[in-house]
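Work through the following exercises with the sequence and the model side by side. Try each task yourself before you read its solution.

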Amino acid sequence: MSERDDAVVEGEVAEAQSQSVDIPEVLPMLPVRDVVVFPYMILPLFVGREKSVAAVDEALQGNRMLFLATQKEVATEEPGTEDIYEMGTVAMIMRMLKLPDGRVKILVQGLSRARRLTIESETPCLRVRVEVVEELPGPKEDFEAEALMRSVREKLEEIINMGKGISTEIMMILENVEDPGRLSDIVAANLTLKVGDAMQVLETVSPKDRIAKVHGLLERELQVLMVQAKIKSAAKEEMTKSQREYYLRQQMKAIQEELGVTDDRGEELANLKEKIEKAHMPKEARAEADRELNRLKDMPPSSAEAAVIRTYIDWLADLPWKKSTKDSLDIPAAKKILDDDHYDLEKVKERILEHLAVKKLKPSAKGPILCFVGPPGVGKTSLGQSIARAMGRKFARLSLGGVKDEAEIRGHRRTYVGAMPGRVVQGIKKAGSRNPVFMLDEVDKIGQDFRGDPASALLEVLDPAQNSTFEDHYLNVAFDLSKVMFICTANLIDPIPAALLDRMEVIRLSGYSREEKLKISRRYLIPRQLDEQGVTGKDIEITDEALGLLIDQYTREAGLRNTEREIANLCRKVARKVAEGKPARYRITKRNLHRYLGPPRFLPEAEIGGDQVGVATGLAWTQAGGDILQVEVNTTKGAPKLILTGQLGDVMKESAQAALSYARSKISELGVPEDFFDQREIHLHVPAGAIPKDGPSAGITMATALISLMTGRPIDHTVGMTGEITLRGRVLPIGGLKEKSLAAMAAGLKTVIVPERNRKDTEEFPPKLRKALAFRFVRTMDQVVDIALLPTGAPGPATPAGPSAPAAPAAGAPS
């Protein structure tokens with residue numbers, strides 16, 4: 001190892017005596033660390049590495065000359081060629097001293113710049129072939145170089161005046177140096193330069209360019225020293241001010257004690273101590289609060305950190321460490337509250353009552369973590385409020401939609417300005433109880449970006465095995481969340497991370513049927529809107545027929561939000577008439593509903609068209625519940641190909657291709673000419689074209705429409721269908737059957753074709769839904785065709801199958 005034992009020692013840099021020294025072409029190389037050796041520079045080096053000691057020994061046995069080259073990285077123990085700069089300095093060993101620990105201390109003097117050409121040998125030491133770099137002489141009268149030399153001397157004096165430790169001997173030497181290159185080397189050797197900057201000076205051969213580079217480095221060093229001096233001055237002034245304030249405060253305290261007057265500062269500290277006492281914190285939190293209070297006592301009240309500590313102590317003292325509400329374990333009373341607030345939803349109510357029963361038998365039981373999944377408007381959030389009321393607990397709510405910052409959950413660290421606890425801890429504090437019902441809304445809409453992953457932070461919150469020691473970044477102490485009953489809500493399961501979903505018990509809430517909507521509207525929505533709009537039952541009456549028409553033709557949803565909006569619209573129009581001095585009992589019926597709400601927005605599918613060739617009714621699932629889709633197929637002359645329109649997704653496009661392949665494979669069985677698809681374009685369209693659609697459950701619908709077009713047999717417009725198709729004609733199961741069935745019932749369909757493997761899903765359907773629809777369970781596409789397609793010549797409106805339909809130019813025409 002070789003390194004300087006100090007900066008260039010005062011008095012050890014001297015001008016080299018002018019002497020002609022013959023430098024051999026091959027020299028032992030000594031890699032040095034963290035120092036650049038310049039010509040005319042004398043400095044001590046410690047040598048410890050085996051090859052470096054061998055290089056010193058070889059030099060001492062010969063002409064005492066070494067090639068000193070700087071390593072690029074200080075930490076490299078065995079540097080190779082690529083680890084050492086090419087430019088270095090040929091130096092002569094002036095003295096050598098062997099140390100007891102095996103190292104060698106040498107005193108060297110730089111002679112000349114040199115560039116490494118090749119490595120001659122690597123054992124026992126590095127021997128290199130060098131090329132001596134001669135100084136380039138400048139013109140005799142170079143005014144620019146002279147000006148730079150004067151400026152360098154002036155700036156060096158300024159640096160010394162600002163406290164830089166450069167000896168006066170060096171300044172005397174510099175006064176007598178007239179060569180710009182030599183002046184540059186001496187100045188660079190005495191500045192605390194980074195290795196990279198020093199190497200740039202060493203590698204600059206031109207004396208004029210070198211003095212210009214040193215001038216720039218001096219200018220930068222001067223600026224750094226000026227800023228450093230400014231910082232020291234400001235710190236000293238602040239320290240003096242703080243000492244003066246402390247002395248005055250101590251005097252004021254003594255005077256107040258003599259007068260028997262208590263100061264506001266002391267009263268504030270006493271109040272904080274009292275709050276800490278009353279909070280009944282755990283041992284860890286109490287120790288942290290006491291420690292911060294003791295720090296606050298020794299701080300100036302006006303300091304920024306004092307305000308941060310006061311806020312932190314307030315948060316610790318205000319949290320409900322031991323405060324909790326007593327659960328209402330009267331199961332019949334809880335059931336009555338749930339029934340009063342919500343119609344149906346038997347599964348959810350049963351799960352809550354089961355939890356209350358367990359709490360009654362085992363009070364230490366942990367709260368469940370439920371996740372309500374369903375379309376908008378089915379009552380997920382309001383159900384959480386009812387659960388809190390039924391259990392006698394406080395209610396807290398946190399909306400996670402669009403949350404992208406992990407600190408929203410875990411809190412900010414107190415090092416940040418404006419730091420606060422996470423919204424979970426804020427909700428607990430606001431509830432004032434450590435066992436509230438805590439609703440996490442829209443858990444499927446959590447975002448993620450460079451600030452972290454909030455979903456991952458929720459893993460600890462929603463894990464019963466971990467949340468008893470939940471640690472918020474702001475509090476920095478554990479808070480027990482195991483007593484909290486967490487309820488999450490989501491519209492879709494797919495966006496929820498698998499690890500988070502694994503911690504929750506999922507309960508699905510499907511959409512409401514027409515009868516359920518009627519009862520909920522009559523029982524809950526109408527009374528609420530009468531109260532909110534300032535009218536009474538004496539002012540307005542809505543008949544059951546009008547309410548049913550409102551649900552059928554003015555809303556299309558799984559929940560009840562739009563239904564409530566339309567009811568509110570009716571109440572407002574009546575309220576205006578009453579406010580204008582026209583009091584009366586306004587009776588809204590099926591006949592006059594359009595005067596209040598305008599023309600119907602949704603027509604029943606039965607009114608759109610009858611039995612048609614190539615038009616099949618499919619059932620779809622959306623985030624807002626179930627819906628129906630009309631799949632239309634037509635054919636025209638042209639190159640044989642399949643055209644798909646209606647903004648279909650990749651999955652639906654593949655279903656269409658599979659349906660076409662199946663239909664083509666059945667040409668012979670269906671009695672269709674073999675050349676039917678030759679010179680024909682098949683166009684499949686799914687309205688509405690502006691709405692993107694995707695999913696696997698439209699396969700049998702597309703195949704039915706294609707087969708109807710091929711055979712000329714119309715499709716029964718009262719039949720809806722859903723199912724995925726394979727190339728062999730098997731019908732595969734689908735999801736969202738209840739929502740689709742409700743949509744079918746709302747659209748006035750009579751029969752629904754469902755995959756056989758979905759039979760089990762219908763067992764939980766409401767009785768009225770099973771009574772309103774005839775469910776036909778199928779295993780193969782042949783069964784679908786038999787059910788959906790009417791025989792040729794069946795009654796129905798004539799509908800052209802397209803300009804080049806083969807056998808049936810119109811639905812109902814004989815084949």
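How many salt bridges does the structure hold? The structure holds 50 salt bridges, where a salt bridge is a side-chain nitrogen of Lys or Arg within 4 Å of a carboxyl oxygen of Asp or Glu. Please keep in mind that this is a predicted model, in which local features need pLDDT of at least 70 and side-chain atom pairs count only at pLDDT 80 or more, while totals for chains, interfaces and linings use all residues. Residues are numbered from 1 along each chain as its sequence is written, and side-chain values use heavy atoms, with hydrogens and water left out.

**Exercise 1. Salt bridges around helix α10**

Find the salt-bridge partner of Lys336 and describe how the two residues are placed.

Step one is the contact: Lys336 forms a salt bridge with Asp340, and their closest N and O atoms are 3.0 Å apart. Step two is the position in the chain: because the two are four residues apart in helix α10 (residues 331-341), Lys336 and Asp340 are separated by about one helical turn. Helices here are DSSP runs of H or I with at least four residues, strands are runs of E with at least two, and both are numbered from the N terminus. Step three is the surroundings: Lys336 is exposed, with a relative accessible area of 53%, whereas Asp340 is partly exposed at 41%. In these terms buried means under 20% relative accessible area, exposed means over 50%, and partly exposed lies in between (1.4 Å probe, protein chains only).

Now find the partner of Asp339.

Asp339 forms a salt bridge with Lys349, again with the closest N and O atoms 3.0 Å apart. This pair links distant parts of the chain, since Asp339 sits in helix α10 and Lys349 in helix α11 (residues 346-361), ten residues apart. Asp339 is partly exposed, with a relative accessible area of 25%, but Lys349 is buried, with a value of 6%.

**Exercise 2. A bridge between strands, and a network**

Which residue forms a salt bridge with Glu681, and which strands are linked?

The partner of Glu681 is Lys641, with the closest N and O atoms 3.9 Å apart. Glu681 lies in strand β20 (residues 680-685) and Lys641 in strand β19 (residues 641-645), so the pair ties together parts that are 40 residues apart in sequence. Lys641 itself is partly exposed, at 45% relative accessibility. Salt bridges can also be joined in a network, and here one links Glu288, Arg291, Glu292, Arg295, Glu305 and Arg414.

**Exercise 3. Following paired strands**

Trace the pairing from β4 through β5 and β6 to β7, and then to β2.

Two strands pair if DSSP finds at least two bridges between them. Begin with strand β4 (residues 65-70), which runs antiparallel to strand β5 (residues 87-98) and is joined to β5 by four bridges; Leu68 has Thr89 in β5 as its bridge partner. Next, eleven bridges join β5 to β6 in an antiparallel arrangement, and Arg95 stands opposite Leu107 in β6. β5 and β6 form a hairpin with five residues between them, and Gly102 in the turn has a positive phi of about 95°. Strand β6 (residues 104-121) then pairs with β7 in the antiparallel sense over six bridges, with Thr118 opposite Arg129, and β6 and β7 likewise form a hairpin with five residues between them. Finally, strand β7 (residues 127-132) pairs with strand β2 (residues 26-32) over three bridges, in the antiparallel sense, and here Arg129 is the bridge partner of Val26.

**Exercise 4. Charged patches**

Name the residues of the negative surface patch and the helix that gives the largest share.

Patches of charge are made of residues with over 30% relative accessible area and no salt bridge, with like charges joined within 9 Å. The negative patch consists of Glu154, Glu157, Glu158 and Glu175. Its largest share, three residues, comes from helix α2 (residues 143-161), while Glu175 is in helix α3 (residues 168-176) and is partly exposed at 41%.

Now locate the positive surface patch.

Lys519, Arg523, Lys768 and Lys771 form the positive patch, and the elements that give two or more residues are α17 (514-533) and α26 (767-772). Lys768, found in helix α26, is partly exposed, with a relative accessible area of 46%.

Terms used. Patches are made of residues with over 30% relative accessible area and no salt bridge: like charges are joined within 9 Å, nonpolar side chains (Val, Leu, Ile, Met, Phe, Trp, Tyr) within 5 Å. Accessible areas come from the Shrake-Rupley method with a 1.4 Å probe; for residues, only the protein chains shown count as cover. Lys and Arg count as positive and Asp and Glu as negative; His and the chain ends are not counted. The place of a charge is taken as NZ of Lys, CZ of Arg, CG of Asp or CD of Glu.
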